[in-house]
Amino acid sequence: MVDALKAETNHSKNTEAKDYSSNYESRTKEELYELAKDYDIQGRSTMNKEELIQALRDYRSEEVAEPAPAKSTINYENRTKEELYELAKENEIEGRSTMNKEELIEALRDH
């Protein structure tokens, strides 16, 4: 029984380490910024730590309330041309090296 409780405790700790949704306060501003970047939270570059925490919590509550958006509705406009190029490269989109930002967005949406 003790071993089972220890295993559950270790599982909970591992899950929490991977899931940044809990205990945002213990994270650095840089960690919160990276997580906000992963979630494509707009305005993150001008937010302080408390604002990042609130934005992440808001995002998580919306994520639970609404289904994830379709791939074609991803907001590519907030990404840099370099980020779009890397996404196009990952998706093996041909002609990406000659595309401008708008063309990269269109190609990613069509992919």
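**Exercise 1.** List the residues of the largest nonpolar core and state which helix gives the most to this core.

*Solution.* The largest nonpolar core consists of 10 residues: Tyr-24, Leu-32, Leu-35, Ala-36, Ile-41, Met-47, Leu-52, Ile-53, Ala-55 and Leu-56. A nonpolar core is here a set of buried Ala, Val, Leu, Ile, Met, Phe, Trp, Tyr and Cys residues joined through side-chain atoms within 4.5 Å; buried means under 20% relative accessible area, with a 1.4 Å probe and protein chains only. Next, assign the helices, which are DSSP runs of H or I with at least four residues, numbered from the N terminus (strands: E, at least two). H2 and H3 each supply at least two residues of this core, and H3 gives the most, with four. Apart from this core lies another, of nine residues, including Leu-84, Ile-93, Ile-105 and Ala-107.

The model is predicted: local features need pLDDT of at least 70, side-chain atom pairs count only at pLDDT 80 or more, and totals for chains, interfaces and linings use all residues. Residues are numbered from 1 along each chain as its sequence is written, and side-chain values use heavy atoms, without hydrogens and water.

**Exercise 2.** Locate Arg-44 and decide whether Arg-44 is buried or exposed.

*Solution.* Arg-44 sits in the loop between helix H2 (29-38) and helix H3 (49-65). Its relative accessible area is 12%, so Arg-44 is buried. Beyond neighbours within four places in sequence, Arg-44 has contacts (heavy atoms within 4.5 Å) with Tyr-33, Ala-36, Lys-37 and Leu-52.

**Exercise 3.** Describe the secondary structure of the chain and give its buried share.

*Solution.* The chain has five helices and zero strands, in the order α-α-α-α-α. Of its 111 residues, 20% count as buried.

Conventions. Buried means under 20% relative accessible area, exposed over 50%, partly exposed in between (1.4 Å probe, protein chains only).
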